[in-house]
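Reader: I have a model open and would like to understand the words used to describe it. Could you take me through the reasoning behind them?

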Amino acid sequence: MPNFTDVAEFILLGLTCRQELQVLFFVVFLAVYMLSLLGNIGMIILISISPQLQSPMYFFLSHLSFVDVCFSSNVTPKMLENLLSETKTISYVGCLVQCYFFIALVHVEVYILAVMAFDRYMAICNPLLYGSKMSRTVCVRLISVPYVYGFSVSLICTLWTYGLYFCGIFEINHFYCADPPLIKIACGGVHIKEITMIVIAGINFTYSLSVVLISYTLIVVAVLRMRSADGRRKAFSTCGSHLMAVSLFYGTLIFMYLRRPTEESVEQGKMVAVFYTTVIPMLNPMIYSLRNKDVKEAVNKAITKTFVRQ
């Protein structure tokens, strides 16, 4: 029988053990994190103060920005701390809390992306009914479901993580507490946790991605039926930013969570995790602002008003 031991804290091995690279990574990821915070908080403020951005699409986008702020803030500060620390530890409770918020925010974000795809379908395929079908009340209900569902599912998943047992190996080959590296070092409770992780991730990613794919299939069909070339261009331009965000987020998560945790997959997943925990939250505001005429106009008006007041 394995000799199970109580866990007080874990050691996060991080991205590298080379001191010179740790300092470089600290500078790079601090800059990325600050840009992410500024971009997403700026997007939330811009949407709240701009009359031309008071539509369902931007309402959902403001929540996507909020989740991105929470998502990166759950992981990046501890990663930055450990890059300059000699101990590089995280408490057992802190590890479970980080796992809980990470899983919850991942589920919230994938379903917000699905809701945004449905919103684009309603706007393009049912423009005459869009105002009534996507009322403020409906939008609030649509955005509430991902939050309630995400945090509920995460509680169940975290309880299964709590059921893992360890035998003295407390080094996590990652820069934050994630299920695959925890499963890799556990010596008890592994089977049910591994199966449930893959099943839950598979069901939720498949269902939410199906909503996205069906919505965009119907959008493409509707756009191709348009006689106006300008109408087709405008319709595709409103969807391009969202499709880019969906591709980046789903691609990295599927690579991370729909595989059995092995030494190779954990090491590869660590590199991929850098992308979706730090880079994607920084890129999303840029994707939606650089490719969006309404956001550009709102930024220009906000800057103009600021200088006029001064």
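Author: Gladly. Let us start with D179, which is buried, with a relative accessible area of 5%. Please keep in mind that this is a predicted model.

Reader: Why is D179 called buried?

Author: Buried means under 20% relative accessible area. D179 has a value of 5%, so D179 falls under that cut-off.

Reader: What makes K193 and D179 a salt bridge?

Author: The rule asks for a side-chain nitrogen of Lys or Arg within 4 Å of a carboxyl oxygen of Asp or Glu. In K193 and D179 the closest N and O atoms are 3.1 Å apart, so the pair qualifies. K193 is in helix α7 and D179 in helix α6 (residues 179-185), so the salt bridge ties together parts that are 14 residues apart in sequence. K193 counts as buried too, at 1% relative accessibility.

Reader: How many salt bridges does this rule give?

Author: The count comes to three. Another of them joins R120 to D119, with the closest N and O atoms 3.0 Å apart. R120 is buried at a relative accessible area of 8%, and D119 is buried at 0%.

Reader: What separates K78 and E81 along helix α2?

Author: They are three residues apart in that helix, which means about one helical turn between them. Their side chains meet in a salt bridge, at 3.5 Å from N to O.

Reader: Why is E81 called partly exposed?

Author: Partly exposed covers the range between the 20% cut-off for buried and the 50% cut-off for exposed. E81 has a relative accessible area of 45%, so E81 belongs in that range.

Reader: Let us turn to the rings. How many aromatic pairs does a search of the whole structure find?

Author: The search finds 16. One of them is F71 with F249, an edge-to-face pair at 6.1 Å centre to centre and 65 degrees between the planes. This pair links distant parts of the chain: F71 sits in helix α2 (residues 56-83) and F249 in helix α8 (residues 229-257), 178 residues apart.

Reader: What makes F71 and F249 edge-to-face?

Author: Ring centres must lie within 6.5 Å, and planes over 60 degrees apart count as edge-to-face. With 6.1 Å and 65 degrees, F71 and F249 meet both conditions, so the name fits. F71 is buried, with a relative accessible area of 1%, and F249 is buried with a value of 1%.

Reader: And which angle do the planes of Y111 and Y149 make?

Author: Their planes are 85 degrees apart and their centres 5.5 Å apart, which makes this pair edge-to-face. Y111 lies in helix α3 (residues 92-125) and Y149 in helix α5 (residues 136-162), 38 residues apart. Y111 counts as buried at 13% relative accessibility, whereas Y149 is partly exposed at 33%.

Reader: How do you know that α3 has the span expected of a helix?

Author: At 1.5 Å a residue, the 34 residues of α3 should span 50 Å; the end C-alpha atoms are 50 Å apart, so the two values agree. Helix α3 is mostly covered, with 26 of its 34 residues buried.

Reader: Which residues have the most contacts inside the largest nonpolar core?

Author: That core has 64 residues, and those with the most contacts inside it are F60, L61, I112, F175, Y176, Y276 and Y288. Helix α3 gives the largest share, 15 residues. A second, separate core of 15 residues includes L12, I90, Y92 and L96.

Reader: What makes β1 and β2 a pair of strands?

Author: Pairing requires at least two bridges. Strand β1 (residues 9-12) and strand β2 (residues 89-91) have three bridges, in the antiparallel sense, so they pair. In β2, I90 is the bridge partner of F10. Strand β1 has a covered face, F10 and L12, and an uncovered one, E9 and I11. Ring pairs also link F10 into a cluster with Y92, Y162, F166 and F170.

Reader: Where does UniProt place the feature "transmembrane region"?

Author: The unreviewed UniProt entry places this feature at several stretches, including residues 23-46 and 198-224. In the model, residues 23-46 are 100% helix, with end C-alpha atoms 34 Å apart. Residues 198-224 are 100% helix as well, with end C-alpha atoms 37 Å apart.

Conventions:
Residues numbered from 1 in each chain as written. Predicted model: local features only at pLDDT ≥ 70, side-chain atom pairs only at ≥ 80, totals over all residues. Heavy atoms only, no water. Phe/Tyr/Trp six-rings, centres within 6.5 Å; stacked < 30°, edge-to-face > 60°. Helix = DSSP H or I, 4+ residues; strand = E, 2+ residues; numbered from the N terminus. Buried < 20%, exposed > 50% of the residue type's maximum accessible area, 1.4 Å probe, protein only. Core = buried A, V, L, I, M, F, W, Y, C linked by side-chain atoms within 4.5 Å. Expected span 1.5 Å × (residues − 1). UniProt positions renumbered as here; feature names shortened; annotations may be inferred.
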